[in-house]
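I open the notebook on a new model today. I go residue by residue and write down what I look up.

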Amino acid sequence: MTQTDLLNVSYPSMDVAREEMTKLLSERKPDYSLPRPLYNDPLLFRIDVEEIFHKEWLFVGMTSEIPAKGDYFTVEIAQSPVLIVRDADGSVNAFHNTCRHRGSRICLEHRGKVANLVCPYHQWTYDTKGNLLYAGTEMGDDFDTKAHGLRPVNCKTAGGFIFICLADNPPESDFDEFLSTLEEYMAPYNIEETKLAVESNMYEKANWKLVIENNRECYHCAGSHPELLNTILEWDDTTDPRAPADFLAYCDRMAKEWDAENIPHQHKNFGARNRLVRMPLKEGTDVMTIDGSAACDKLMGSIKNNKLGSLRILHLPNSWNHMQSDHFIVFRVLPISAQETMVTTKWFVHKDAVEGVDYDPEKLRQVWDATNDQDRILGEENQRGINSLSYEPGPYSKTYEFGVIDFINWYSEKIQQNLSGK
């Protein structure tokens, strides 16, 4: 069976797989990596998709990617195509990218602009609110167009971030509180006045959880990321147990500068899932470029200080982000199969910045192109080692890998909670 078969077909063995998933997670050793099947078994991967990516809020993109009516982009969540479109009233709507006639995809391009959404198969036509406008006289006089609009996808925006949830009843808990804080922290950037400068998609032959685990620690940074370490400080934030006194003093000094300019920076946690914190970069550097110098001549929004460090935003299960003074970078992780993941990286600058004049795309992306590829190799070798019959879960460092522990605990609890229906 291929991975595609496993996502599309219902198997009696799925009940057995769910029981096995529950058993593996309930019996796992605390602060240790997961058992091998949770990283490479196709049936357990399907459960990840159904219980995490089909039920939880996912980051998909930024509102400035679709600035005007009819602008859209598409995304595929484990073979569920979704389109995100800007409506005439300025709102951002999300729909299943599937025609209500015979199921064809409607928007075939990754991004574009439309007056209406027209299915290329039989020209059924929908407006940007998802209403069916035209299905042809062939459907008969008694055909009810109102009953055949596009299926909506739950969609929320805050601070320029777009989140969707494929579940009929999406989880709330503290998500709205996180969105409110995100709106506050992103206000200085005025995201509607930014534009997408560069985008890349990287396909990593590793389970999506290994991609996130790698991101949640910098234990590996010194040996793997020379370009990144030109500017970034390896300590996660001021609560990092490894943080030395001089680092904490530096953070305190920069915090006073940010306070004077009303730049939000305090560490905010919303469970293990969502986090915001502004952290300084190495002294003498401005942004995450190869030499730490400016990436764009135009600062963002109301920002006047080019030494804002990086506003780090975490959203599990699929995103981490770095907001800086003259550009920002967002990362999106989407699972493809038990051992393949797509990592999308997007770089944004001020909407009036001119390529080749105000910014050089190569300089903008150099550090993270290198870092992404280095992480890809690490993740793929991690996956190959885990596939070995000799693999058994190993211990995480509570000092260096506490972020990984937080992620694995969140994942384990969320899967068990969703499987039990609680």
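**Entry: E51 and its helix**

I start with the contacts of E51. Leaving out residues up to four places away in sequence, E51 touches E56, I415, N418 and L419. I note here that the model is predicted.

I look up where E51 sits. It belongs to helix α4, residues 42-53. Is E51 buried or exposed? The relative accessibility of E51 is 6%, and under 20% counts as buried, so E51 is buried.

I check the side chain of E51 next. It makes a polar contact with the side chain of K55, at 2.6 Å.

Then I scan the whole helix. Of the 12 residues of α4, 10 are buried, and the helix is mostly covered. I list the buried ones: L44, F45, R46, I47, D48, V49, E50, E51, I52 and F53.

I also look at the start of α4. A side-chain oxygen of D41 comes to within 2.9 Å of the backbone nitrogen of L43 there.

**Entry: W208**

I move to W208, which lies in helix α6. W208 has a relative accessible area of 0%, so I log it as buried.

Which residues does W208 touch, beyond those up to four places away in sequence? I find F45, D48, I52 and F53. I also find P317, V333, P335, T341, F407 and Y411. F45, D48, I52 and F53 are on my list of buried residues in α4.

One of these partners gets a second line in the notebook. The side chains of W208 and D48 are joined by a polar contact of 2.9 Å.

I take one distance as well. W208 and L419 are 211 residues apart along the chain, and their C-alpha atoms are separated by 19 Å. L419 appeared above as a contact of E51.

**Entry: V211**

V211 is also placed in helix α6. How accessible is V211, buried or exposed? I read 4% relative accessibility, so V211 is buried.

I list its contacts, again without residues up to four places away in sequence. V211 touches E204, W320, V333, T341 and V343. V333 and T341 are also on the contact list of W208.

I take a C-alpha distance here too. V211 and D375 are 164 residues apart in sequence, and 8.0 Å apart in space.

**Entry: the cavity**

I search for enclosed space. How many cavities of 30 Å³ or more does the structure hold? I get 1. The largest cavity has about 480 Å³ of space. Its lining has 34 residues, and N214, N215, R216, E217 and W368 are the closest to its centre.

I sort the lining by class. There are 15 nonpolar, 9 polar and 10 charged residues.

I then ask which elements supply at least two residues each to the lining. Among the strands I note β11 (194-204), β14 (310-315) and β15 (319-323). Among the helices I note α6 (208-215), α9 (361-386) and α10 (402-420). Helix α6 is where I placed W208 and V211.

**Entry: β2, β3 and β4**

I turn to the strands. Strand β3 covers residues 80-86, and 7 of its 7 residues are buried, so the rest of the structure largely encloses it. I check each face of β3. S80, V82, I84 and R86 are buried on one side, and P81, L83 and V85 are buried on the other.

What does β3 pair with? β2 and β3 run antiparallel, with 6 bridges between them. T74 stands opposite L83. The two strands form a hairpin with 2 residues between them, and A78 in the turn has a positive phi of about 50 degrees.

β3 also runs antiparallel to strand β4, residues 92-96, with 5 bridges. V82 has H96 as its bridge partner in β4. This hairpin has 5 residues between the strands, and G90 takes a positive phi near 90 degrees.

**Entry: D71**

I end in strand β2, residues 71-77, where D71 is found. The relative accessibility of D71 is 10%, so D71 counts as buried. The side chain of D71 reaches the backbone nitrogen of A68 at 2.8 Å.

I set aside neighbours within four places in sequence and list the contacts. D71 is in contact with I66, I84, V85, R86, G112 and K113. I84, V85 and R86 are among the buried residues of β3.

Notes
Residues numbered from 1 in each chain as written. Predicted model: local features only at pLDDT ≥ 70, side-chain atom pairs only at ≥ 80, totals over all residues. Heavy atoms only, no water. Helix = DSSP H or I, 4+ residues; strand = E, 2+ residues; numbered from the N terminus. Buried < 20%, exposed > 50% of the residue type's maximum accessible area, 1.4 Å probe, protein only. Polar contact = N/O pair within 3.5 Å; in protein donor to acceptor, adjacent residues only side chain to side chain. Contact = heavy atoms within 4.5 Å. 1 Å grid on protein atoms, 1.4 Å probe; cavity = no way out; pocket = protein on both sides within 12 Å on 5 of 7 lines; lining within 4 Å. Points joined across faces, edges and corners; volume = space filled by probe spheres on them. Nonpolar A, V, L, I, M, F, W, Y, C, P; charged D, E, K, R; others polar. Pairing = 2+ DSSP bridges.
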